[in-house]
Every structure is written in C-alpha cells, then in structure tokens.
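Notebook open, structure loaded. I'm jotting things down as I look them up.

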Amino acid sequence: MATVLASLAAARVAFPQTLVKPNLQGADLQTFISTYTVPAGGQAIADVISWGYLPLGARLMPGTALYCAAGTAASTLTLGDAVAPARYMAAASVATAGKLPAEAQFTNGGLAEVTVVKPGDATDTSELRSVVAGATLQAGQVLTLVAVYAGQN
C-alpha cells in the first residue's frame, strides 16, 4: 500500500524543508461579523454591499456564511472581492430566511488568501463584498456576514 504526501506533509520532508504560510498551519482564528439592513427603496441589481476588509494574508475558513432574513423573490447575492465577485460564494438566493455557506474556495483547492490590500483599487482582494442580482433587495431585509479567517492581525 502506497503512502502519498499532501501539501503540509510534503513541505516537512522536503530538502531543504519548505516553510508554510501561517494561514495554512498555526495561524490565529479571527472573527468578522458585519450586518447590513437594506434601506427604504431596496437595493438595486448590480449594487455592491461592502462588508469590510480582511488583513493581508488572511484566508476565509469553513463555517463562513451569509445569514439573511426573508426578502424579495428571485433576489440573489454573491460573496467575493473586487477581483472575483463570487470567489467565496456564487449567486445564492436571499429570498427566504436562511444561512448561505461561503465555502466555494475549498471545492477546487484554490484556497484564496488576501494578496493585495489596496482599498478602492480593482486589484484589492481584502474587501469582502456582495453583488446584488436577480431582483432588487427588499427594504428592511437584514443581512449578516459571519466569517472566520486564519491570519495575523
């Protein structure tokens, strides 16, 4: 029976030994909780909700989710950044109350991390943001992003 090495095991036995980033092993887990209440008139299609910013080197962890109160039929949100608007969550319905997991980055081994911190710049990967699609968000709808990330503040 063969033994194969995943990335962390391979880094340890490499010669010379390979150092791994703290957001892969040994990092502190931090919380990020941001709430948004849709104002009167709703939020239009293609509008962007900025949730806030992660520090350089941060990596979102499993358990990150967008929670929503019931809203307009057909309304959807993504979760990503300026570079990849759906990096963490593809467009998901926010029409009914619920929890929307934001774990797309784990399905293909991409393991996105914040590599550029330039607020307002098109290359910024630190800003967590959602794009409205499908239908206008309902006025008064409450949306809460609860994220856990590995990194050093």
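Where is Val20 found? I looked it up: Val20 is in the loop between helix H1 (7-13) and strand E1 (28-37). Helices (H or I, at least four residues) and strands (E, at least two) here are DSSP runs, numbered from the N terminus.

**Ground rules**

Note to self: this is a predicted model, so local features need pLDDT of at least 70 and side-chain atom pairs count only at pLDDT 80 or more, while totals for chains, interfaces and linings use all residues. Residues are numbered from 1 along each chain as its sequence is written, and side-chain values use heavy atoms, with hydrogens and water left out.

**Overall layout**

I count 1 helix and 9 strands. Going along the sequence, the pattern reads α-β-β-β-β-β-β-β-β-β. The C-alpha atoms fill a box of roughly 60 × 40 × 25 Å along the principal axes.

Burial next: buried residues make up 35% of the 153 residues. Buried means under 20% relative accessible area, exposed means over 50%, and partly exposed is in between (1.4 Å probe, protein chains only). The accessible surface comes to about 8100 Å², and 61% of that belongs to carbon and sulfur atoms. Those areas come from the Shrake-Rupley method with a 1.4 Å probe; for residues, only the protein chains shown count as cover.

I also checked contacts (heavy atoms within 4.5 Å). Among contacts with a separation of 6 or more, 75% are between residues 24 or more positions apart.

**Back to Val20**

Val20 has 33% relative accessibility, so I log it as partly exposed. With Leu8, Leu24 and Leu111, Val20 makes a nonpolar surface patch of about 270 Å². Patch rule: residues with over 30% relative accessible area and no salt bridge, with like charges joined within 9 Å and nonpolar side chains (Val, Leu, Ile, Met, Phe, Trp, Tyr) within 5 Å.

**The core**

Which residues have the most contacts inside the largest nonpolar core? They are Trp51 and Leu128, in a core of 26 residues. Strand E2 (48-53), strand E4 (65-68), E5, E6, strand E8 (127-133) and strand E9 (142-151) each give two or more residues to this core. E9 gives the most, with 4 residues. A nonpolar core is a set of buried Ala, Val, Leu, Ile, Met, Phe, Trp, Tyr and Cys residues joined through side-chain atoms within 4.5 Å.

I pulled up the partners of Trp51 beyond four places in sequence: they include Phe32, Tyr36, Leu66, Leu79, Leu128, Leu143 and Leu145. Polar names turn up as well, among them Ser34, Thr35, Arg129, Ser130 and Thr144.

**Salt bridges**

How many salt bridges does a search of the whole structure find? I get 4. The cut-off is a side-chain nitrogen of Lys or Arg within 4 Å of a carboxyl oxygen of Asp or Glu.

Glu113 pairs with Arg59, the closest N and O atoms being 3.1 Å apart. This one links distant parts of the chain: Glu113 is in the loop between E7 and E8, Arg59 is in strand E3 (residues 59-60), and they are 54 residues apart. Both partners are buried; Glu113 gets that label because its relative accessibility is 18%. Beyond four places in sequence, Glu113 also touches Lys21, Asn23, Gly57, Ala58 and Thr125.

Asp121 and Lys118 meet at 3.9 Å, N to O. Asp121 is at 28%, so it counts as partly exposed, and Lys118 is partly exposed at 43%.

Arg129 bridges to Glu127 at 3.3 Å. Arg129 is partly exposed at 22%, whereas Glu127 is buried at 7%.

**Pro85 and Thr76**

Pro85 lies in the loop between strand E5 (76-79) and strand E6 (89-93). Is Pro85 buried or partly exposed? Partly exposed, because its relative accessibility is 40%. Leaving aside neighbours within four places, Pro85 contacts Thr78, Leu79, Gly80, Arg129 and Val131. I also checked Pro85 against Lys21: 64 residues apart in sequence, 25 Å apart in space, C-alpha to C-alpha.

Thr76 is in strand E5 and is buried at 16%. Outside four places in sequence, Thr76 contacts Ala91, Ala92, Ser93, Val94, Val131, Val132, Ala133 and Gly134. Val131 is thus listed for Thr76 and also for Pro85.
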